[in-house]
Amino acid sequence: MDGRTVVLNELAQGVRPLGEGLSWFEGMADAEQCEVLRMLAEFCLQARATGEDGPESIRRAGIRPTHTPAVLLVRGRIGEQLVKIADLPQDERAKAFRLLVALLGVADERRRAVFCAGGCGHAWHHVGT
């Protein structure tokens, strides 16, 4: 697991504070920010995020439901919307990052409870231990 993957999972699991992650993200070059957002979108799909995760993710992210990433998330067809969120312009990226980290956290919590309750071998479920 590479360093970015560890950081993203630690953020989603609450092991690292979101403010620290946001500083880390904002310090990246443009191309790297885009790559990290795409990684997060893929991780959300792998964790089986759904549109129903939207309201809780928006709340956790601390963004308004009227912000562009939030509006996209609750529109349906989660896979398509995640691609759109990851491809938002520069001025929307910090909100997109916050939202995707929160969405990963919500979806991964459910996945742990449903599929990994008896233990699992997912390396990302053991980053904080």
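The protein chain holds 7 helices and 0 strands, in a model that is predicted. Read from the N terminus on, its elements follow the order α-α-α-α-α-α-α. Of the 129 residues in the protein chain, 45% are buried. Its accessible surface comes to about 6500 Å², and carbon and sulfur atoms account for 53% of that area.

A helpful next step is to ask how the chain meets itself. Among contacts in the protein chain with a separation of 6 or more, 70% join residues that lie 24 or more positions apart.

The interior comes next. The largest nonpolar core contains 36 residues, and Leu40, Leu82, Ile85, Phe97 and Leu100 are those with the most contacts inside it. Two or more residues each are given to this core by helix 1 (3-12), helix 2 (18-26), helix 3 (30-46), helix 4 (54-61), helix 5 (68-73), helix 6 (78-86) and helix 7 (93-115). Helix 7 supplies the largest share, 9 residues. Leu40 makes a good place to look at the packing: leaving aside residues up to four places away in sequence, Leu40 touches Leu8, Phe97, Leu100, Val101 and Leu104.

Helix 1 rewards a closer look too. This helix is mostly covered, with 8 of its 10 residues buried. The buried set consists of Arg4, Thr5, Val7, Leu8, Asn9, Glu10, Leu11 and Ala12. At the N-terminal end of helix 1, Asp2 acts as a cap, with a side-chain oxygen 3.1 Å from the backbone nitrogen of Arg4. After helix 1 comes Gly14, which has a positive phi near 80°.

Definitions and conventions
Residues are numbered from 1 along each chain as its sequence is written. Side-chain values use heavy atoms; hydrogens and water are left out. A nonpolar core is a set of buried Ala, Val, Leu, Ile, Met, Phe, Trp, Tyr and Cys residues joined through side-chain atoms within 4.5 Å. Buried means under 20% relative accessible area, exposed over 50%, partly exposed in between (1.4 Å probe, protein chains only). Helices (H or I, at least four residues) and strands (E, at least two) are DSSP runs, numbered from the N terminus. Contact means heavy atoms within 4.5 Å. Accessible areas come from the Shrake-Rupley method with a 1.4 Å probe; for residues, only the protein chains shown count as cover. A polar contact is a pair of N or O atoms within 3.5 Å; within protein, one must be able to donate a hydrogen and the other to accept it, and residues adjacent in sequence count only if both atoms are side-chain atoms.
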